[in-house]
Amino acid sequence: MDDGGEMVGLEEFEFDNRLKKMLQENWGISQLFPPQAMALPSSLEGRNLMLAIPTASGKSLVAHITMAHRLANDLKGKRGIYIVPLKALASEKFDELSEICSSVGLKVGLAIGDRSSENNLVEGSDVLVCTSEKLDSMLRSNPSLMNDIGIVVADEFHLLQEPNRGPTLEILLSRIRHRAEGAQILALSATVGNADELSEWLEADLIKSDWRPIALYSGTLTGLDLRYHSVESPGGDFALPESKRLGGGAKKNLHSVLDDTIDMDKQMLVFVASRSSAQKEARELSEHVKSKVAAGIHGFSKSVTESWDAMAGALSARENGSVTVKALENAVRGGVGFHHAGLTSSQRKVIEGGFKSGNLLCIVATPTLAQGVNLPASRVVVRDTRRWSTVAARSMPLPVMEVRQMMGRAGRPGFDEFGESFLVSKSKQDEASLIDFYLKGKPEKVTSKLANPRAQNAEEDGALLTHILSIVATAGIDDRDAISRFLSKTFLASQMESETLEARTDDVLQWLCENGMIDRTGESKQVKKRIKEMKTIEVEEEDWQDEMPSWANSATAIPGLDLIPKEEMLTRRLAPRRGPAIFGFKKASKYNPSESFLPEPSAMTYSPTPLGSRVSRLYLNPISGRIIQDGLRKAMGIVSGEDKVGQVSPLSLLHLASCTPDFLPLWPRKNDYSAIQEALHGHERELLSIPVDLEEERRMKGTLVVHSWMDEDSLETIENDWGVQAGDLRSRVELLEWLLYAMRRILSEDEDLARIDRGAHKTLFESIDEVHRRVRYGCKADILGLVAIKGVGRVRAREMSDTLGVANASDVSVITERDRSRLSDLRGWSPRLVDKLVDSASKSVRRSR
């Protein structure tokens, strides 16, 4: 699209003068980029908008201005929702929106998780920044929130095609369009191959552009040769630079690129395919910088080198540093960091902060960085354009869209005159292929993942199952015709044969009925009348994708989730237990619908069962709900004494939660199998669910890793023993904490289970609660009373327990001066810290009274 390349002054647009003043005085913005100028009139008039333009071209500002202006004027009293895919991005947008919205008297809230630190001003806010998962969860618990929505922004909208997050975003936008028909939708997207289809689905004006605020030169790095092949520019004549041959060794060409970047007084991002590659490349680049500094070739100011040491110190946790953290500390001492999902959020923030401040010379990252926070660099090098696919069992090319996202990080408006991006090639032939595919090729089309006919994993297979239960249980869409009409408004309906979608929906409804999530409540005369009175039936011609096979499997065909018949569990070969029924403190599988059944009548109505309502509001996959309920029923049999063979332990409950499709299992390494097999066979009496094949081993590894965490193993020990990095551990801990909370809720609200044996029901509830808290704090049961004190983590709690013998806040609140002195003498403690913790314990005791 030709957008002219001319900047347009703010005075040319009709929006709140308070916003204009704030933009000019606080952000130094007096003109808008051409794509912004094209988009803003449509959005200010209240029309839906899809804005598909390159990174750094100002998509967010269009949304910010529109949202703040309309909510302060024609949409006064309504609420704006700003949806982002990642928590880190949510915090960034929260800060931006808070500043711009305050100029017109609007309050901004943040909702990205369940902890209090992840939520701020949720109630009473005019604008709510949230992840799609959090918004979906909030709407399930309180559907009336939909009534106040006036405007919605979907940032990183192209991630609709991401298998894990995409279905939730698609259903959310469909629900908003279904219930809040007048709400405006602004979709902010990278350049995609079918922007016209997406905008048509949203009934939105489409603004497409290749315009960038500064020129981006893209090329290749082959050996030591930098060659330029294309340019994206703000218009005018931008000739390609001459090719450049770098000095140094061809086998270490990234060292030469970094040297060249440092000589230009610039920063560099390097993208690689794996975490191990990120760490290895960062280590080698860091050692290279250190050697150059030692030789006097590179000179950096004292403040810069001191900042490297300060970053290294900030990365050190109170616990012994893990192998990964030590590697990161060592790398940043040479001005180079690495960034991947194995790091904790606090560690990633240290690296991001060091780069934004200009102190870090280079970050070596996996592609996830390109989807996260705004972290531009002068130069970007994409070293790896292929990654291993476990599905295909071979290396596969990265999508064009993903690589373009990485390359688009080059060039910082306001700091650089231009940006440079290079693809690393191994040969002339490889160079030509990369040019054709990534620089000249078109980005892929976005496809719906709400029900992917080619799905091969639980997350994709379970999406339609999860969301149909949600709309029946929480959205008031509770008859077969209404469900069809709702699904016809999804993006999926534009890509899947209507007959296939109807059959797939019938499969899902059948499964939900057979597995106790919903009940059929009969055909409704009112629904029949509504159907009959419809004067016309709109039949839309769809762009069918012939290569898409029809759904052949049921809604529950999840690989690896095979139910072991109860009569075959444990009792098939184990003698009655000799120990207690519960101490220490079904993978379930294929829940098959009937092999054949008639299609659901159009007038059939449904109501959620108590279990279905709980599962939906707890944000569980329905299969997880069934697995948990079956496991709890078995545990009740054990604790009540009916089952004379099984036993219930903390490991039992962890394993039950890890056998759900909502848990992300961990891949075993070769040297993990012995411990995993020992656990599977040595603890067989304790397993409330029996997975099979590789899933059995992957899920047991997840169980054992979190068990190590709550047994107070250090991060270093866990990484050494299991090869699990801190970021991966944190994600599994958070998942199991949530699943154990859900397990506790399901048990507490299930009267059928309570009637089996009230005493056993109470005992099991208390056991789950204990394990839930141990997982949350990563500690043994004896210090749970200490970690509940504000400011006391598991390490300090253990030191307090071992040194003074205290067990809870009441004990700490009355410690003597001698005991205070003993604590102060411990490494990492101080009199001020001890006084602070004693004061916190005293406040806790007073509150409990």
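This passage walks through the nonpolar cores, a helix pair and some salt bridges of a predicted model.

The nonpolar cores make a handy starting point. The largest one counts 84 residues, and the members touching the most other members are Leu-512, Leu-620, Leu-632, Met-743 and Val-775. As for secondary structure, the top contributor to this core is helix α25, spanning residues 726-748, which puts in 12 residues. A second core sits apart from the largest one and has 62 residues, including Leu-246, Ala-331, Leu-343 and Leu-361. As general background, nonpolar side chains in soluble globular proteins tend to be buried together.

Zooming in on Val-775, what does this residue touch once residues up to four places away in sequence are set aside? The list runs to Leu-654, Val-706, Trp-709, Met-710, Val-733, Leu-736, Glu-737 and Leu-740. Glu-737 is thus one of the contacts of Val-775.

Next comes a helix pair. Helix α10 (residues 302-315) packs against helix α12 (residues 345-356) with 9 Å between the axes and an angle of about 170°. Angles over 145 degrees count as roughly antiparallel, and α10 and α12 therefore fall into that class relative to each other. On the α10 side the contact involves Met-311, Ala-314 and Leu-315, while α12 brings Gln-347, Val-350, Ile-351 and Gly-354. Sorted by class, the α10–α12 contact comes out as five nonpolar residues, two polar ones and no charged ones.

Helix α20 (residues 622-640) is worth a stop too. Ile-623 belongs to this helix and is buried, at just 1% relative accessibility. Ile-623 also pairs up in space with a residue from elsewhere in the chain: the C-alpha atoms of Ile-623 and Pro-661 are 7.2 Å apart, although 38 residues separate the two in sequence. The same helix α20 holds both Asp-630 and Arg-626, four residues apart, or about one helical turn. These two side chains form a salt bridge whose closest N and O atoms are 3.0 Å apart. Are the partners buried or exposed? With buried meaning under 20% relative accessible area, Asp-630 qualifies at 8%, and Arg-626 does so at 13%.

That bridge is one entry in a longer tally, since the structure holds 59 salt bridges. Another is found between Lys-529 and Glu-533, with an N to O distance of 4.0 Å. Both of these residues lie in helix α18 (residues 525-533), again four residues apart and about one turn of the helix. Here, though, Lys-529 and Glu-533 are each exposed, whereas Asp-630 is buried.

Arg-755 and Asp-752 give a further case, with the closest N and O atoms of their salt bridge 2.4 Å apart. The spacing is three residues this time, still about one helical turn, within helix α26 (residues 751-756). Arg-755 is exposed, at 53% relative accessible area, while Asp-752 comes out as partly exposed at 46%. Some salt bridges also share partners: Asp-225, Arg-227, Arg-245 and Glu-431 are joined into one network in this way.

Technical notes
Residues are numbered from 1 along each chain as its sequence is written. This is a predicted model: local features need pLDDT of at least 70, side-chain atom pairs count only at pLDDT 80 or more; totals for chains, interfaces and linings use all residues. Side-chain values use heavy atoms; hydrogens and water are left out. A nonpolar core is a set of buried Ala, Val, Leu, Ile, Met, Phe, Trp, Tyr and Cys residues joined through side-chain atoms within 4.5 Å. Buried means under 20% relative accessible area, exposed over 50%, partly exposed in between (1.4 Å probe, protein chains only). Helices (H or I, at least four residues) and strands (E, at least two) are DSSP runs, numbered from the N terminus. Contact means heavy atoms within 4.5 Å. Axes are lines fitted to C-alpha atoms, for helices over the stretch in contact, and angles run from 0 to 180 degrees between N-to-C directions. Angles under 35 degrees count as roughly parallel, over 145 as roughly antiparallel, 65 to 115 as roughly perpendicular and the rest as oblique. Ala, Val, Leu, Ile, Met, Phe, Trp, Tyr, Cys and Pro count as nonpolar, Asp, Glu, Lys and Arg as charged, and the others, Gly among them, as polar.
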